[in-house]
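Subject: A structure for you to look at

Hi,

Here is the structure I promised to pass on. Have a look at it first, and then read my notes below with the viewer open.

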Amino acid sequence: MTPAATLTYMPTGHVPVLLSELVALLDPHPGEVAIDCTFGGGGHAREVASRLGPTGELICIDRDPSAEERYRELADELPCRTRFLREDYSEALALLAEEGMVADLVYMDLGVSSMQIDTWERGFSYSYDAPLDMRMDPDQELSAYEVVNSWPQDRLAQILREYGEERHAKAIAREIVARRPLETTAELVEAVRAAVPPAYRFGRGHPAKRTFQAIRIAVNDELGSLERALPRAWGLLRPGGRLAAIAFHSLEDRMVKRFLAERARGCVCPPELPVCVCGREPEAELLTRRAVAPSAEEVERNPRASSAHLRAARKLTTTQPQEA
């Protein structure tokens, strides 16, 4: 892995995760075009912009209006050309492709942002009592309230199992349905606590963590957005361009890992063939053989970084010659 870059900016409020590692892998240069798919608090964007300089361009994307407000606060301080698209990033990438945009860098900081978690009334956190919401885009119709109170029990259990990897999914879904209607996050937490065994209730980590994750993913179609966005982001890159993603749970990380590995794969001929007949050559060079995790020092400063995994790849400039 490339050594961590020396930072020119150290944020005081919002703390971007794996900032130096991301910048080292993306290696932004003056005059390049970068796309920040998940602007959030702008920590990654601000550091990348400092490397692009006045001849570079940074396109910032986020569906959350609070991220757009943060962009407006920072825009005059960013040293490169910038613009903001308030869209789901998969849709924004499709719009940029229609414009004929070509980028040198595309990066994603996936999942829910600290700003969203810390705004109690958004209902993302099991630590605050708030209305059941969890919408990253407050203008969309589907919220956590509709998921919790109107989805069938089997469907609830399915998303808890698949999106939260929750082993007590069936029992939690049954308890939620029995307690309907649920109005607040505290009521949802109590339903989870009542459904799980005591050892799980008082074990390591909060018992409602996986349930909240699963419902949030369902409300915001996070895995669907990522699945659509990865090929769109790759298609926008010029040869030599770099794609990076920071994931905070195994479902996202697995999707990113498989996408990049598929593009880094060469010959797919059966091993018994003496020579390659498929002609397939790699599209990508992996910049991270294994996911990059935050250092112990970073986790100590910012415990929310503990589950982060960073992966990156470079789009190859030319096809690789086959072995003689």
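Let's start with E57, which counts as buried because its relative accessibility is 15%, and the cut-off for buried is under 20%. Keep in mind as you go that this is a predicted model.

**Salt bridges**

What does the side chain of E57 meet in a salt bridge? Its partner is R83, at 3.9 Å from N to O. This pair ties together distant parts of the chain, since E57 sits in strand β2 (residues 57-61) and R83 in strand β3 (residues 81-85), 26 residues apart. Unlike a buried residue, R83 is partly exposed, with a relative accessible area of 25%. The two also belong to a network of salt bridges that links E57, R81, R83 and E99.

A search of the whole structure turns up 22 salt bridges. Here are two others to click on:

- R72 and E68 meet through their side chains at 3.3 Å, N to O. Both are in helix α3 (residues 65-74), four residues apart, which is about one turn of the helix. R72 is exposed, with a relative accessible area of 57%.
- R86 pairs with D139, and their closest N and O atoms are 3.1 Å apart. This pair links distant parts of the chain: R86 is in the loop between β3 and α4 (89-99), D139 is in the loop between α5 (114-118) and α6, and 53 residues separate them. R86 counts as partly exposed at 30% relative accessibility, while D139 is exposed at 59%.

**Helix α1**

Now go to helix α1 (residues 19-26). How many of its eight residues are buried? The count is eight of eight, so this helix is mostly covered. You can pick them out as L19, S20, E21, L22, V23, A24, L25 and L26. They pack against α2 (43-52), β4 (103-109), β5 (237-247), α14 (296-301) and β7 (309-315). Just after α1 comes D27, with a positive phi of about 50°.

**Helix α9 and the core**

Helix α9 (residues 185-195) is a nice one to rotate. Its buried residues are T185, L188, V189, A191, V192 and A195. Why do they end up on the same side of α9? Because they cover an arc of only 160° around the axis. What they pack against is α6 (144-150), α8 (169-179) and α11 (209-220).

Two of these residues deserve a click:

- L188 touches L132, M134, V148, I176, L182, T211, F212 and I215, leaving out residues up to four places away in sequence.
- V192 counts as buried, at 0% relative accessibility. Apart from neighbours within four places in sequence, V192 is in contact with I172, P207, A208 and T211. V192 and F212 are 20 residues apart in sequence, and their C-alpha atoms are 9.9 Å apart in space.

That brings us to the largest nonpolar core, which has 31 residues. Which residues have the most contacts inside this core? They are L188 and I215. The helices α6, α7 (153-163), α8, α9 and α11 each supply at least two of the core's residues. As background, nonpolar side chains in soluble globular proteins tend to be buried together.

**A nonpolar patch on the surface**

Some nonpolar side chains are on the outside here. L273, V275 and V277 make a nonpolar surface patch of about 280 Å². L273 is in the loop between α13 (250-264) and β6 (284-286). Is L273 buried, exposed or partly exposed? With a relative accessible area of 36%, L273 is partly exposed.

**One last pair**

Finally, find R254, which is in helix α13. R254 is partly exposed, with a relative accessible area of 33%. How far is R254 from E187? They are 67 residues apart in sequence and 32 Å apart in space, C-alpha to C-alpha.

Have fun exploring, and write back with any questions.

Cheers

Key
Residues are numbered from 1 along each chain as its sequence is written. This is a predicted model: local features need pLDDT of at least 70, side-chain atom pairs count only at pLDDT 80 or more; totals for chains, interfaces and linings use all residues. Side-chain values use heavy atoms; hydrogens and water are left out. Patches are made of residues with over 30% relative accessible area and no salt bridge: like charges are joined within 9 Å, nonpolar side chains (Val, Leu, Ile, Met, Phe, Trp, Tyr) within 5 Å. Accessible areas come from the Shrake-Rupley method with a 1.4 Å probe; for residues, only the protein chains shown count as cover. A salt bridge is a side-chain nitrogen of Lys or Arg within 4 Å of a carboxyl oxygen of Asp or Glu. Buried means under 20% relative accessible area, exposed over 50%, partly exposed in between (1.4 Å probe, protein chains only). The arc is that of the directions from the helix axis to the C-beta atoms. Contact means heavy atoms within 4.5 Å. A nonpolar core is a set of buried Ala, Val, Leu, Ile, Met, Phe, Trp, Tyr and Cys residues joined through side-chain atoms within 4.5 Å.
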